[in-house]
Amino acid sequence: VRFLSRHRGHSHTAVVPADEASRGNWMDAHPPGFFEYRDAFGPTGKYGRWIRTHHAVLQIGDGVFVHGGLSPTLEFGSVRELDDLVIGEVAAYDSIWRALVDRKVVWRYMTLAEAVRFLGEEVKWLQASGETVTPEQLQPMQRLLDYRKWLAASSGGPLWYRGLADAREDSLIVGVKAMLERLQAKYIVVGHTVESKADVVARFENRVFLLDTGMLKEEYGGRASALEIQDGRFTVYHVDGAPKVLSAAARWRNLVFNSNVSQ
């Protein structure tokens, strides 16, 4: 497979290397199923299309549901505003990637890390060469090079933040309470970080519930779990055990919820 750099005027090879050592490294980085996986999770793939129909962060009644977490230091207005921003960045990424592939600047099956390394070299070459490049040509490359500044990729953003699982509770409890009060919410439910391989964990005086119990056995050795929230009652279900009402449920039982949520 070859992809072309229109700016340099020559082809860049993306083929399996001939020498045994390089070939082995290439095969390790592109194991069987690599290309099918990339297609499936792309914007037009079976799973990619499905993922892009969902929210990044969602508030239902008194609860906020998010993959990674919400940092008390993150500046944002409403949950809807934050969700729109992340979804917009994902759409922008898809558009930038498609433009760079169509212009044959990057190969469609490059990993993001490979593309960023290549684009960094490409931009440096263009700047040193003095070749005339229009803003329309340079902007997509520069935006992708700056992807770590995007909220969707930031370690402090809602998709990657781990502080609600990893930070000391006394260091964040004041900020968590203030954030929930501002959002007119009472609790946050998050995944992403495997806090326990056995049970859903409640933190920050039962204001944060950690759902990730490491269900991928090959990697974490945990088990599949689910949290049902209904009429102020928090019930944990495991694939291999009886349902368990969290002790934190008593805190919520007398509250009036706007919605019943199963997550």
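Colleague: Leaving aside its neighbours within four places in sequence, which residues is H30 in contact with?

Modeller: In this predicted model, H30 is in contact with F35 and E114 once the neighbours within four places in sequence are set aside. H30 itself is found in the loop between helix 1 (20–29) and helix 2 (34–41).

Colleague: What makes H30 count as buried or exposed?

Modeller: The relative accessible area of H30 is 6%, and a residue is called buried when this value is under 20%, so H30 is buried.

Colleague: How many residues does the protein chain have, and what percentage of them count as buried?

Modeller: The protein chain has 263 residues, of which 39% count as buried, and its secondary structure comes to ten helices and eleven strands. Among contacts between residues at least 6 apart in sequence, 56% join residues at least 24 apart.

Colleague: Why is the pair of R52 and D94 called a salt bridge?

Modeller: The closest N and O atoms of R52 and D94 are 2.7 Å apart, and the rule asks for a side-chain nitrogen of Lys or Arg within 4 Å of a carboxyl oxygen of Asp or Glu, so the pair qualifies as a salt bridge. R52 lies in the loop between helix 3 (46–51) and strand 3 (57–60) and D94 in helix 4 (residues 79–102), so the salt bridge ties together parts that are 42 residues apart in sequence.

Colleague: Which of the terms buried, partly exposed and exposed apply to R52 and D94, and why?

Modeller: R52 has a relative accessible area of 31%, which falls between the limits of 20% and 50%, and therefore R52 is partly exposed. D94, at 11% relative accessibility, is under 20% and therefore counts as buried.

Colleague: What makes D170 and R168 count as buried or exposed?

Modeller: The values are 53% for D170 and 59% for R168, and exposed means over 50%, so D170 and R168 both count as exposed. These two residues form a salt bridge, with the closest N and O atoms 2.8 Å apart.

Colleague: Why does the pair of R203 and E169 count as a salt bridge?

Modeller: The N to O distance between the side chains of R203 and E169 is 3.5 Å, and the limit is 4 Å, so the pair meets the rule. The salt bridge links distant parts of the chain, with R203 in strand 6 (residues 201–203) and E169 in helix 8 (residues 169–183), 34 residues apart. R203, at 10% relative accessibility, counts as buried, whereas E169, at 32%, counts as partly exposed.

Colleague: How many salt bridges does this rule give, and which residues are linked in a network?

Modeller: The count comes to ten salt bridges, and a network of salt bridges links D199, R223, D240 and K244.

Colleague: Why are helix 5 and helix 6 called oblique to each other?

Modeller: Helix 5 (residues 112–129) and helix 6 (residues 135–145) pack at an angle of about 130°, with their axes 9 Å apart. That angle is outside the range of 65 to 115 degrees for roughly perpendicular and is not over 145, the limit for roughly antiparallel, and therefore the helices are oblique. Their crossing is left-handed.

Colleague: Which residues meet where helix 5 and helix 6 pack, and how are they divided by class?

Modeller: L112, V116, L119, G120, E122, V123 and L126 in helix 5 meet L138, M141, Q142, L144 and L145 in helix 6. By class, this contact has nine nonpolar, two polar and one charged residues.

Technical notes: Residues numbered from 1 in each chain as written. Predicted model: local features only at pLDDT ≥ 70, side-chain atom pairs only at ≥ 80, totals over all residues. Heavy atoms only, no water. Helix = DSSP H or I, 4+ residues; strand = E, 2+ residues; numbered from the N terminus. Buried < 20%, exposed > 50% of the residue type's maximum accessible area, 1.4 Å probe, protein only. Axes fitted to C-alpha atoms, helices over the stretch in contact; angles between N-to-C directions. Left-handed = near helix turned anticlockwise from the far one by under 90°. Contact = heavy atoms within 4.5 Å. Nonpolar A, V, L, I, M, F, W, Y, C, P; charged D, E, K, R; others polar.
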